[in-house]
Amino acid sequence: GNALKQETKTYRIDGTGTEQLTSRRVVINETINNRGDAAVQRIMNYHIEGGVETLTNYQVLTNRDFDASHNIANENIKTYDGFTQTGDIYTGARLLDEQEIRSSGYTSSGVAAQQIIVTYSEDRSIVEAKKITNRDIDARGNVGITEIETYAGSSLAVDDATDMSGITLTDAIDRQTIVTEIGRASCREKG
């Protein structure tokens, strides 16, 4: 069967050796196709302190396209500061940001060779656009080199559900290269 609801709890051990619940994450999978891919995922993140649970954010992931191995190729993520629930209906509160993500070149371990992520603010203006390229990916999914190029603009409209070839990144800001070796990581930035 398919997981309709998943819950992850994080605990810390206090000075007396007692477990203290510190966070909780709930994922609700909806509109699952016959291949087991969820078209919509709702994620609620909670912070817990002193037994009081506080919602930190609510996300709605719309997974538009999957490859043959169930990897998401075209996705939209909306992050809200809260939500209201009426029965099984969830409504986001104030929109904090929205992301359009296009991923391609997945390896057998599930790591995308390339991703383009365009982030919008609540007023739908572009906050940033990133192109992430992963190279030297081993069989376990460990990435040897990650290059992150940040741009000020993009041709992608916030409601555009086209493939990655329709996205043009503009006004390069910087490039960061992360090289990971066995047991250590280093980081180089280029402006």
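# Strands, cores and two positive phi values

Let's start at a turn. β4 and β5 form a hairpin with 5 residues between the strands, and in that hairpin His-70 has a positive phi near 75°. Keep in mind that this is a predicted model.

Stay with His-70 for a moment. His-70 sits in the loop between β4 and β5. A positive phi here belongs to a residue other than glycine. Buried or exposed, or in between, for His-70? Relative accessibility is 38%, so His-70 counts as partly exposed.

Now the strands on either side of that loop. β4 and β5 run antiparallel, and 8 bridges join them. Take one pair as a marker: Leu-61 has Ile-77 in β5 as its bridge partner.

β5 has a second partner. Which strand is that? It is β8, residues 95-104, paired with β5 in the antiparallel sense over 7 bridges. Here the marker is Glu-75, which stands opposite Ile-101 in β8.

How enclosed is β5? The strand covers residues 72-80, and 7 of its 9 residues are buried, so β5 is largely enclosed by the rest of the structure.

Next, the cores. In soluble globular proteins, nonpolar side chains tend to be buried together. In this model, the largest nonpolar core has 10 residues. Its members are Val-26, Ile-28, Val-40, Met-44, Tyr-46, Tyr-58, Val-60, Tyr-80, Tyr-90 and Leu-95. Which elements give two or more residues to this core? They are β2 (19-32), β3 (38-49) and β4 (52-66). β3 gives the most, with 3 residues. Another core lies apart from this one. That core has 8 residues, including Val-27, Ile-117, Ile-132 and Ile-148.

Now to β2, and a charged side chain. Arg-24 is in strand β2. Its relative accessibility is 18%, so Arg-24 counts as buried; the cut-off for buried is under 20%. What does Arg-24 touch, beyond residues up to four places away in sequence? The list is Glu-7, Thr-8, Lys-9, Met-44, Asn-45, Tyr-46, Ile-48 and Glu-53. Two of those names deserve a second look. With Glu-7, Arg-24 makes a side-chain polar contact of 2.8 Å. With Tyr-46, the C-alpha to C-alpha distance is 5.1 Å, across 22 residues of sequence. Tyr-46 is also a member of the largest nonpolar core, and so is Met-44.

One strand over in my notes is Asn-57. Asn-57 is in β4. Its side chain joins that of Asn-45 through a polar contact of 2.9 Å. Leaving aside neighbours within four places in sequence, Asn-57 is in contact with Ile-43, Met-44, Asn-45, Thr-79 and Tyr-80. Asn-45 and Met-44 turn up in the contacts of Arg-24 too.

Last stop, the other positive phi. Where is Asp-136? In strand β10, residues 126-137. Phi of Asp-136 is near 55°, again a positive value in a residue other than glycine. Buried or exposed? Asp-136 has 56% relative accessibility, so this residue counts as exposed.

To recap. β5 pairs with β4 over 8 bridges and with β8 over 7. β3 gives the most to the largest nonpolar core. Arg-24 is buried and has a polar contact with Glu-7. His-70 is partly exposed, while Asp-136 is exposed.

Key. Residues numbered from 1 in each chain as written. Predicted model: local features only at pLDDT ≥ 70, side-chain atom pairs only at ≥ 80, totals over all residues. Heavy atoms only, no water. Core = buried A, V, L, I, M, F, W, Y, C linked by side-chain atoms within 4.5 Å. Buried < 20%, exposed > 50% of the residue type's maximum accessible area, 1.4 Å probe, protein only. Helix = DSSP H or I, 4+ residues; strand = E, 2+ residues; numbered from the N terminus. Pairing = 2+ DSSP bridges. Contact = heavy atoms within 4.5 Å. Polar contact = N/O pair within 3.5 Å; in protein donor to acceptor, adjacent residues only side chain to side chain.
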